[in-house]
Amino acid sequence: MKIHNNRIAHRGAFNNIDIPENSLLAFKKAIKMNWAIELDVQLTKDNVLVVFHDENLERMTGINKNICEVTSMEIKEFSLLDTKEKIPTFEEVLNLVRGKVLIDIEVKNTRRIHETCQILLSILKHYPYSYILKSFNPKIVRYLKKHTNSEVGYLIHSKYR
């Protein structure tokens, strides 16, 4: 697996002014720069995998709710940082990237490990391009290693260095 130009666009190539993090616009810019993309995935209340970093929507949308408390239809109503950008589904991102760059997927910590991992792996089963899976949660890492042959990494918080 080759990382293009040895660069990874963490949450896409964003500035959080007119290009919000983890948005399709940030990913388009990263692709244009030929940089690998790091992104974060988690499930909505109705089990749709979306690309979003925080557990809570407030910092990026002004809505004080957790991702797991809202449906995918409700999420489409929210704008990222007062731009026209919306929270993308994981499948929308895969359709955009289509192997143009490597995708570095962080599975966010969740109480719904099995559902999140099952849905993620079922989607990736149909994605023939390069990607890496990782998580800070050792249970998620174990689950992914057991159920896929893909590259899986365990993230360690800086306080453990």
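User: Which cysteine holds the sulfur closest to that of Cys68, and how far away is it?

Analyst: In this predicted model, the sulfur of Cys68 is too far from any other cysteine sulfur for a bond. A disulfide would require the two sulfur atoms to lie within 2.5 Å. The closest cysteine sulfur belongs to Cys117, at 15 Å.

User: How many disulfides does the count give?

Analyst: Cys117 is in no disulfide, since the sulfur nearest to its own, that of Cys68, is 15 Å away and the limit for a pair is 2.5 Å. Cys68 is likewise too far from its closest cysteine sulfur for a bond. The number of disulfides is therefore 0.

User: Is Cys117 buried or exposed?

Analyst: Burial requires a relative accessible area under 20%. Cys68 is partly exposed, at 36%. For Cys117 the relative accessible area is 0%, so this residue is buried.

User: On how wide an arc around the axis do the buried residues of helix 5 lie?

Analyst: Helix 5 comprises residues 113-124 and reaches 16 Å from its first C-alpha to its last, close to the expected 16 Å. Its buried residues are Ile113, Thr116, Cys117, Leu120, Leu121, Ile123 and Leu124. These residues are on the same side of helix 5, because they cover an arc of only 160°.

User: Which elements do the buried residues of helix 5 pack against?

Analyst: The buried residues of helix 5 include Leu120 and Leu124. Their partners are both strands and helices: strand 2, strand 3, strand 4, strand 5, helix 4 and helix 6.

User: Where do the buried residues of helix 4 fall when seen down its axis?

Analyst: In helix 4 (90-97), the buried residues are Phe90, Val93, Leu94, Leu96 and Val97. What covers them includes helix 1, strand 2, strand 3, strand 4 and helix 5. Seen down the axis, they fall within an arc of 160° and so line one face of the helix.

User: Which element supplies the largest share of the largest nonpolar core?

Analyst: This core has 34 residues, and those with the most contacts inside it include Phe90, Leu120, Leu124 and Leu144. Elements that each supply at least two residues include helix 1, helix 4 and helix 6. The largest share, 6 residues, comes from helix 5.

User: Which residues does Leu144 touch, leaving aside those up to four places away in sequence?

Analyst: Leu144 is one of the residues with the most contacts inside the largest core. Beyond four places in sequence, it touches Val107, Cys117, Leu120, Leu121, Leu133 and Val152.

User: What distance separates the C-alpha atoms of Leu57 and Leu121?

Analyst: Leu57 belongs to a second, separate core of 10 residues, which also includes Met60, Ile67 and Ile75. It lies in the loop between strand 3 and helix 2, and its relative accessible area of 0% makes it buried. Leu121 is among the buried residues of helix 5. The two residues are 64 apart along the chain, and their C-alpha atoms are separated by 25 Å.

User: Which side chain forms a polar contact of 2.5 Å with that of Asn137?

Analyst: Asn137 lies in the loop between strand 5 and helix 6 and counts as buried, at 11% relative accessibility. A polar atom of its side chain lies 2.7 Å from the backbone nitrogen of Lys139. Residues that Asn137 touches include Thr110, Ile113 and Tyr154. The side chain joined to it by the 2.5 Å polar contact is that of Asn109.

How values were computed
Residues are numbered from 1 along each chain as its sequence is written. This is a predicted model: local features need pLDDT of at least 70, side-chain atom pairs count only at pLDDT 80 or more; totals for chains, interfaces and linings use all residues. Side-chain values use heavy atoms; hydrogens and water are left out. Buried means under 20% relative accessible area, exposed over 50%, partly exposed in between (1.4 Å probe, protein chains only). Helices (H or I, at least four residues) and strands (E, at least two) are DSSP runs, numbered from the N terminus. A polar contact is a pair of N or O atoms within 3.5 Å; within protein, one must be able to donate a hydrogen and the other to accept it, and residues adjacent in sequence count only if both atoms are side-chain atoms. Contact means heavy atoms within 4.5 Å. The expected span of a helix is 1.5 Å times one less than its number of residues. The arc is that of the directions from the helix axis to the C-beta atoms. A nonpolar core is a set of buried Ala, Val, Leu, Ile, Met, Phe, Trp, Tyr and Cys residues joined through side-chain atoms within 4.5 Å.
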